[in-house]
Amino acid sequence: MGVDVGGTTTSVGLVTRDGAVLATEIAPTHGHGPATAERTMTALLERVLERAAGQGVRVGAIGVGVPATVDPATGAIVESHHTAELTGQHLGRTLGARFGLPAFVDNDVNALALSEWMFGLGRGVRSLVVLAIGTGIGAGIVLGGRLVRGSAGYAGELGHASVRFEGRPCWCGGHGCLVVYASGRGIAEAAGGRAAPLVFEAAAAGDAAAGAVVGEACDALGAMIGTIVNGLNPDVVVVTGGVAAAYAAREARVLRAAARHALALALARTRIAIVPGDKHATVRGPAALAFYESEGHAP
Ligand SMILES: [Zn+2]
């Protein structure tokens, strides 16, 4: 079972080893009132367990993806902004005990990277980087067949890596971060409050101001892809998330920018794919996490 915890809604799905979603249950994360994310998860897990029993499916493990950093040493959730009540919680431990199943928790974009690696565009490769672009930007990194979590769980925070040394201030306290130029929030702020997809539409229709914002966004994304290619030279880079569809229409511009920053022979061996996120398959990420952890990290 995969549990995708969002700031607004939580989804729990029954997912096979091939990535097929057999059942999904969705509810508002805080439908029971403030600070009730865990209660929502438990209720949805119970409903999906019932449906699994009805279909004669044996459940092997639970994976949970949270929009937060998870300490890889302890499994505790740190810095959960949309579900603050989960901060400090050991969800893997409590859900595991509650349901009598192995349960694992990780950052939602790390889980998404595992999903692309097991079920998606990175199937069969040894290394990939997934950049998820929505309101913010997160990344998940798989290298040599292992998810890279970093010392404190912050690996993949490429949204807050600088693409402009003395660029605009970022809400994280840094300067010139990728999110300032290329995220949904950054694009909207640069365009006077218009939502990012509308800014892309206006640019396509010939609006010069919108065009400048979109051009800068594509160049910033390309610069980060160049950094990823030079730094890690993965087999595959997947750009996905809520704003990815808008970028897909500007793929040539993004790839030109990447080519300006990447070493040519490194870039030649890295496949870059810009694909819209699949809103209906978010439970596959945390399910991939459950398979990854319970199967001893086999791809
Ligand atoms: Zn930042």
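Are Trp117 and Tyr292 buried or exposed? Both of them are buried. Keep that pair in mind, please. One caution before we go on: this is a predicted model.

Let's start with the rings. A search through the whole structure turns up two aromatic pairs. Trp117 and Tyr292 make one of them, in an edge-to-face arrangement. Their centres are 6.2 Å apart, and the planes meet at 65°. Where do the two partners come from? Trp117 belongs to helix 3, residues 108-118. Tyr292 belongs to helix 11, residues 284-294. The two residues are 175 residues apart, so this pair links distant parts of the chain.

Phe200 and Tyr247 also form an aromatic pair. This one is edge-to-face, with 5.2 Å from centre to centre and 75° between the planes. Phe200 sits in helix 6 (residues 196-204) and Tyr247 in helix 8 (residues 244-248), so the pair ties together parts that lie 47 residues apart in sequence. Phe200 is buried, and Tyr247 is buried as well. Why quote two values for each pair? A pair of aromatic rings is described by the distance of the centres and the angle of the planes.

Rings can have charged company too. Look at Trp171: the charged end of Arg185 sits over its ring, 3.8 Å from the centre. Now look at Tyr181. Arg164 lies over the face of that ring, at 5.3 Å from the ring centre.

Next stop, the metal. Which residues hold the zinc ion? Its protein donors are His160, Cys170, Cys172 and Cys177. The histidine gives its ND1 atom, and each cysteine gives its SG. These donors lie 2.0 to 2.4 Å from the zinc ion. What is the geometry of the site? It is tetrahedral, with angles of 104 to 123° among the four donor atoms. For reference, ideal angles at a metal are 109.5 degrees for four tetrahedral donors.

Read along the chain, and the zinc donors follow the spacing H-x9-C-x1-C-x4-C. His160 and Cys170 are both in the loop between strand 10 (146-147) and helix 4 (178-182), so this pair ties together parts that are ten residues apart in sequence. How enclosed are those two? His160 has a relative accessibility of 31%, so it counts as partly exposed. Cys170 has a relative accessible area of 8%, so it is buried.

Back to helix 3, the home of Trp117. Nine of its eleven residues are buried, so the helix is largely enclosed by the rest of the structure. Trp117 is on that buried list, and so are Val109, Asn110 and Met118, among others. What covers them? The cover includes strand 7 (103-107), strand 8, strand 9 (137-143), strand 10, strand 11 and helix 11.

Take one residue from this helix. Asn110 is found in helix 3. Its relative accessibility is 3%, so it counts as buried. Which residues does Asn110 touch, if we skip those up to four places away in sequence? They are Ala139, Gly140, Leu147, Arg149 and Ala155.

Now the sheets. One open sheet has five strands in the order 10-9-8-11-12, and its pairing is mixed. Strand 10 and strand 12 (271-274) stand at the edges with a single partner strand each, so one side of each has no neighbour in the sheet. Further in, strand 8 (residues 128-133) and strand 11 (residues 236-240) run parallel, joined by five bridges. Opposite Val130 stands Val238, in strand 11.

Compare another pairing. Strand 2 (residues 9-15) and strand 3 (residues 21-28) run antiparallel, with seven bridges between them. Gly13 has Thr24 in strand 3 as its bridge partner. These two strands form a hairpin with five residues between them, and there Gly19 takes a positive phi near 90°.

Last residue. Ala191 lies in the loop between helix 5 (184-190) and helix 6. At 17% relative accessibility, it counts as buried, because the cut-off is under 20%. Beyond its neighbours within four places in sequence, Ala191 is in contact with Val199 and Val213. Ala191 and Val213 are 22 residues apart along the chain, yet their C-alpha atoms are separated by 6.7 Å.

That's the tour. Thanks.

Key: Residues are numbered from 1 along each chain as its sequence is written. This is a predicted model: local features need pLDDT of at least 70, side-chain atom pairs count only at pLDDT 80 or more; totals for chains, interfaces and linings use all residues. Side-chain values use heavy atoms; hydrogens and water are left out. Rings of Phe, Tyr and Trp (its six-membered ring) pair if their centres lie within 6.5 Å; planes under 30 degrees apart count as stacked, over 60 as edge-to-face and the rest as tilted. Helices (H or I, at least four residues) and strands (E, at least two) are DSSP runs, numbered from the N terminus. Buried means under 20% relative accessible area, exposed over 50%, partly exposed in between (1.4 Å probe, protein chains only). A charge sits over a ring if NZ of Lys or CZ of Arg is within 6 Å of the ring centre and within 35 degrees of the ring normal. Donors are N, O and S atoms within 2.8 Å of the metal (3.2 Å for Na, K and Ca); water is not among the atoms, so sites may look incomplete. Four donors count as tetrahedral if all angles lie between 85 and 135 degrees; four count as square planar and six as octahedral if opposite donors are over 155 degrees apart and all others between 65 and 115; anything else is irregular. Two strands pair if DSSP finds at least two bridges between them. Contact means heavy atoms within 4.5 Å.
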